[in-house]
Amino acid sequence: MNLRVALAACAIAAFGSFMMTFDALGQTSFKEQLVGTWTLLSWEQKKSDGTKVERYGTSPRGIAFFDAGGRYIITVMRPDRAKYASNALWQGTPEENKETADGTITYFGTYSINEADSSIAINVEGSSFPNWNGTDQKRFVAIAGDRLTLTVRPPAGDVVDVIWKRAE
């Protein structure tokens, strides 16, 4: 009877190990879920008084890339920006240049994952907003299916939710 109990215990332990391995293989890490190309669905700022601002319009355009090596680039812009009258990249009027600057944000650098609070720490190596260059920032991350939400929660400011869809 002792041999039978010992064999049963071994069988149960082996089955449990197999199931834990099988379960672990079926799970995707937070980083694996984040890595890829994402297209922008919405950008919404929630002010402390409850109002909402769509700084990049109701149908903003954008793309985000997160690679497996810890690098990213994010670009967001208003689709309704007026074309430059000169049709030359470097010859915008002050008003055209202001509209471009106000309607676009692009930044890139490195990121690391914090699974404990579902966030990423981003180091901004370069940005169209020069004040961000060389800064470290935090984005809270929620991934559900093909949707990615990056949330900015500044210590004393408005909350911004940026919602992305995995590119096909």
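Guide: Let's start with a word we'll need: buried means under 20% relative accessible area, exposed means over 50%, and partly exposed is in between. Keep in mind that this is a predicted model.

Visitor: Okay, so why is Asp161 called buried?

Guide: Its relative accessible area is 14%. The cut-off for buried is under 20%, so Asp161 counts as buried.

Visitor: What makes Asp161 and Lys46 a salt bridge?

Guide: Here the rule asks for a side-chain nitrogen of Lys or Arg within 4 Å of a carboxyl oxygen of Asp or Glu. In this pair the N to O distance is 2.5 Å, so Asp161 and Lys46 pass. Asp161 belongs to strand 9 (residues 159–166) and Lys46 to strand 1 (residues 36–46), so the bridge ties together parts that are 115 residues apart in sequence.

Visitor: And is Lys46 buried or exposed, or partly exposed?

Guide: Lys46 has a relative accessible area of 31%. That falls between the 20% and 50% limits, so Lys46 is partly exposed.

Visitor: How do you know that Lys47 and Asp158 form a salt bridge?

Guide: Their closest N and O atoms are 3.0 Å apart, and the limit is 4 Å. Lys47 sits in the loop between strand 1 and strand 2 (52–53), while Asp158 sits in the loop between strand 8 (147–152) and strand 9, so this pair links parts 111 residues apart in sequence. At 19%, Asp158 is under the 20% cut-off and so counts as buried; Lys47, at 32%, is partly exposed.

Visitor: How many salt bridges does that rule give?

Guide: The count is nine. Among them is Asp146 with Arg147, whose closest N and O atoms are 3.0 Å apart.

Visitor: Let's try another spot. Why is Thr104 called buried?

Guide: Thr104 comes in at 16%, and buried means under 20%, so the label fits. Thr104 is in strand 5, and its side chain reaches the backbone oxygen of Thr100 at 3.0 Å. Leaving aside neighbours within four places in sequence, Thr104 touches Tyr56, Val76, Met77, Arg81 and Ser128.

Visitor: Phe108 is in that strand too. What makes it partly exposed?

Guide: Phe108 has 36% relative accessible area, which lies between 20% and 50%, so partly exposed is the right term. Together with Phe65 and Ile73, Phe108 forms a nonpolar patch on the surface, with about 240 Å² of accessible area.

Visitor: And what does the whole chain look like?

Guide: You'll find three helices and nine strands, and buried residues make up 26% of the 168 residues.

Terms used:
Residues numbered from 1 in each chain as written. Predicted model: local features only at pLDDT ≥ 70, side-chain atom pairs only at ≥ 80, totals over all residues. Heavy atoms only, no water. Patch = residues over 30% accessible without salt bridge, like charges linked within 9 Å, V, L, I, M, F, W, Y side chains within 5 Å. Areas by Shrake-Rupley, 256 points an atom, 1.4 Å probe, with all protein chains shown as cover. Helix = DSSP H or I, 4+ residues; strand = E, 2+ residues; numbered from the N terminus. Buried < 20%, exposed > 50% of the residue type's maximum accessible area, 1.4 Å probe, protein only. Polar contact = N/O pair within 3.5 Å; in protein donor to acceptor, adjacent residues only side chain to side chain. Contact = heavy atoms within 4.5 Å.
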